[in-house]
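Student: I've just opened this structure and I'd like a close look at a single part of it. Could you walk me through one stretch slowly, and then show me how it fits in with the rest?

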Amino acid sequence: MTCPAHSLAATRRYLTERDVDDIQLLVRALPKDAQVVDLGAGSGTTALAVLTAHPTAHVYSVDNDQVQLDWTEINLHANGMTERWIGVCGAVGSEAVRATVKMFVGRSWVDLLLHDAGHTRQDVLRDLRAWLTMLRPGSYVWVHDFAPMEEAEESYPGVKQAIKELEHEGLIRWSFEPRGIGYVGRKL
């Protein structure tokens, strides 16, 4: 079934349709009033996928580029989805940004963490180590660009290296094989 996030994925090409499906599968299992952190706003495809799949979820998109947050807001507004969304501009892994999101969330944990920010090993390790502290044990974490995509011009081996390190450290565990190019795991 096509949704606005599928259409945005097709035109912006930051996510694939299968990535949208994976995100929406995770989101549908979340509790009422779920709190979702979206690291790397892009053009809003991830936030739109969450908000169209879950009628009461709240999304906090974090990006160090205000232009990306502006595009996210434009695309969410065009689909009537801004009332459950907040954009936060700043360094994705910083304590100040986490404190800001925590203030909006109103509690000490979030229900789902989605990462499509920096793609180097160091970026992914920094971001996930920082944000996993706010994720409730057993909750899902989705990380984009884990697997290479045949038609993509780029690949990001640092993403896979970081995930393998975090698994080895016992912070996350692989959960299931996604249909898209992301990684799906759970916080231990």
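Student: To get my bearings on the outside, which residues make the nonpolar surface patch of about 300 Å²? After that, please take me through helix 5 and what it packs against.

Tutor: Keep in mind that this is a predicted model. The patch you ask about is made by V67, W71 and I74. V67 sits in helix 4, which covers residues 66-78, and V67 is partly exposed, with a relative accessible area of 47%.

Now for helix 5, residues 95-105. Its buried residues are V97, R98, V101 and V105. They end up on the same side of helix 5 because they cover an arc of only 100 degrees around the axis. Look at the other side of helix 5 and you'll find E95, A96 and M103, which are exposed. Just after the helix, G106 takes a positive phi of about 80 degrees.

What do those buried residues pack against? Their partners are strand 1 (35-39), strand 2 (58-63), strand 3 (85-89), strand 4 (110-115) and helix 6 (121-131).

One of the helix 5 residues, V101, takes us into the largest nonpolar core, which has 29 residues. V101 is among the members that touch the most others, together with L39, V62, L113, L128 and W131. Several elements each supply at least two residues of this core, including helix 5, strand 5 (135-143) and helix 7 (157-168). The largest share, five residues, comes from helix 6. As a general picture, nonpolar side chains in soluble globular proteins tend to be buried together.

Let's stay with L128 for a moment. Leaving aside its neighbours within four places in sequence, L128 is in contact with L113, H115, V141, V143, I163 and L166. There is also a second, separate core of 28 residues, and L30, A53, L76 and L114 are among them.

Helix 6 has some charged pairs worth finding too. D123 and R126 both lie in this helix, three residues apart, or about one turn, and their side chains meet in a salt bridge at 3.3 Å, N to O. R126 also forms a salt bridge with D127, where the closest N and O atoms are 2.9 Å apart. R126 itself is partly exposed, at 44% relative accessible area, whereas D127 counts as buried, at 0%. Elsewhere, R107, D111 and R136 are joined into one network by salt bridges that share partners. The structure holds nine salt bridges.

Definitions and conventions
Residues numbered from 1 in each chain as written. Predicted model: local features only at pLDDT ≥ 70, side-chain atom pairs only at ≥ 80, totals over all residues. Heavy atoms only, no water. Patch = residues over 30% accessible without salt bridge, like charges linked within 9 Å, V, L, I, M, F, W, Y side chains within 5 Å. Areas by Shrake-Rupley, 256 points an atom, 1.4 Å probe, with all protein chains shown as cover. Salt bridge = Lys/Arg side-chain N within 4 Å of Asp/Glu carboxyl O. Helix = DSSP H or I, 4+ residues; strand = E, 2+ residues; numbered from the N terminus. Buried < 20%, exposed > 50% of the residue type's maximum accessible area, 1.4 Å probe, protein only. Arc of directions from axis to C-beta. Contact = heavy atoms within 4.5 Å. Core = buried A, V, L, I, M, F, W, Y, C linked by side-chain atoms within 4.5 Å.
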